[in-house]
Amino acid sequence: MKRLSGNLLALVGLILGISAGIGVVLLKEYIIGEIIQSLEEEVVAACPECSIEYDTFAISFLTLSGRATNVRINERDEPKLTFPSINATFSITEILSKKIYLETLVLSQGYVDGVGPDSVTFRFIDQLTKPLPPELQNKERWRAILNTLEIKDSRLREPFGSSELTGSDVGLFVKRIGE
């Protein structure tokens, strides 16, 4: 039996390594795209007149964490949630079922316009924490599920008829229970 030369083995190893690396990068970009699309769909499901915008979005599968900068949820082009930075940790235990669990979502030093039951904030949080109705449960649809939300050192405004409630250095903590 003829032995392969060391140079040929090194070349084969190099090609396999490059191929595996490209595969990992492509898979990561695909999953990032699906997560972003899922969050956009969740915003629209919570508020049909709303959209989400951001400047940068990065995910690390090594640390199972992500970060987005200059994140805004707009209702009819008016900002309702604005945060310079959002940090998250997530779980991929059900990634084959197309579910990404946002274990912690930390929004810091931002602005929240409305926190009552009719606000974009309330509807978005509710959308991410409650189970989907049967008519929307589609296996082809990725789902972002929020377990814990923390808003820190932020400002808020809530209208009350002809008055309004305002706050600064406000914190809010939401923990999902069930499902």
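**Note on pockets, cavities and selected residues**

1. Sorted by class, the residues that line the second largest pocket comprise three nonpolar, three polar and six charged ones. The model under discussion is a predicted one, and the remarks below should be read with that in mind. The volume of this second largest pocket comes to about 150 Å³, and its lining is made up of Glu75, Lys80, Asp113, Gly114, Gly116, Pro117, Asp118, Ser119, Val120, Arg123, Glu158 and Pro159. Among the secondary-structure elements, α2 and β8 each contribute at least two residues to that lining.

2. Turning to enclosed space, how many cavities of 30 Å³ or more does a search of the whole structure find? There are two of them, and the largest holds about 420 Å³ of space. Its lining consists of 30 residues, and those lying nearest the centre of the largest cavity are Leu39, Ile52, Phe57, Ile86 and Leu105. By class, this lining has 25 nonpolar, three polar and two charged residues. The elements α1, β2, β3, β4, β5, α2 and β8 each provide at least two of the lining residues, and the largest share, six residues, is supplied by β4.

3. The second largest cavity has a volume of about 30 Å³, and the residues around it are Glu34, Ile35, Ser38, Ile100, Trp142, Arg143 and Ala144. Two or more residues of this lining come from each of α1 and β7, with α1 giving the largest share, three residues. By class, the lining of the second largest cavity divides into four nonpolar, one polar and two charged residues.

4. Helix α1 takes in residues 6-46, which is 41 residues, and at 1.5 Å a residue it should span 60 Å; the C-alpha atoms at its ends are 60 Å apart, so the expected and computed spans agree. The buried residues of this helix are Ile31, Ile32, Glu34, Ile35, Ile36, Ser38, Leu39, Glu42, Val43 and Ala46. When reading such a list it helps to recall that an α-helix has 3.6 residues a turn, so residues three or four places apart point the same way. The elements that cover the buried residues of α1 include β1 (50-53), β2 (56-60), β3 (65-75), β5 (99-108), α2 (120-129) and β7 (143-146).

5. Isoleucine 35, which sits in helix α1, counts as buried because its relative accessibility is 10%, and the cut-off for that class is under 20%. Once neighbours within four places in sequence are set aside, isoleucine 35 is in contact with Phe57, Ile59 and Ile100. Isoleucine 35 is also among the residues that line the second largest cavity, as is Ile100. Computed along the chain, isoleucine 35 and lysine 98 are 63 residues apart, yet in space their C-alpha atoms are 9.5 Å apart.

6. Is serine 154, in strand β8 (residues 148-160), buried or exposed? With a relative accessibility of 2%, serine 154 counts as buried. A polar atom of the serine 154 side chain lies 2.9 Å from the backbone oxygen of lysine 152. Not counting residues up to four places away in sequence, serine 154 touches Phe83, Leu107, Ser108, Gln109, Gly110, Gly167, Ser168, Asp169 and Val170.

7. Arginine 72 is found in strand β3 and, at 18% relative accessibility, falls under the 20% limit and therefore counts as buried. The side chain of arginine 72 reaches the backbone oxygen of asparagine 70 at 2.3 Å, a distance that a colleague may wish to look at in the model. Leaving aside neighbours within four places in sequence, the contacts of arginine 72 are Ser51, Ile52, Glu53, Tyr54, Asp55, Leu81 and Thr82.

8. Two residues deserve a remark on backbone geometry. Most residues other than glycine have a negative phi. Arginine 76, however, has a positive phi, near 50°; arginine 76 belongs to the loop between β3 and β4 (78-91) and counts as exposed, at 59% relative accessibility. Aspartate 169, likewise not a glycine, has a positive phi of about 55°. Aspartate 169 lies in strand β9 (residues 163-175) and is exposed, with a relative accessible area of 64%, while also being one of the residues that serine 154 touches.

Notes. Residues numbered from 1 in each chain as written. Predicted model: local features only at pLDDT ≥ 70, side-chain atom pairs only at ≥ 80, totals over all residues. Heavy atoms only, no water. Helix = DSSP H or I, 4+ residues; strand = E, 2+ residues; numbered from the N terminus. Expected span 1.5 Å × (residues − 1). Buried < 20%, exposed > 50% of the residue type's maximum accessible area, 1.4 Å probe, protein only. Contact = heavy atoms within 4.5 Å. Polar contact = N/O pair within 3.5 Å; in protein donor to acceptor, adjacent residues only side chain to side chain. 1 Å grid on protein atoms, 1.4 Å probe; cavity = no way out; pocket = protein on both sides within 12 Å on 5 of 7 lines; lining within 4 Å. Points joined across faces, edges and corners; volume = space filled by probe spheres on them. Nonpolar A, V, L, I, M, F, W, Y, C, P; charged D, E, K, R; others polar.
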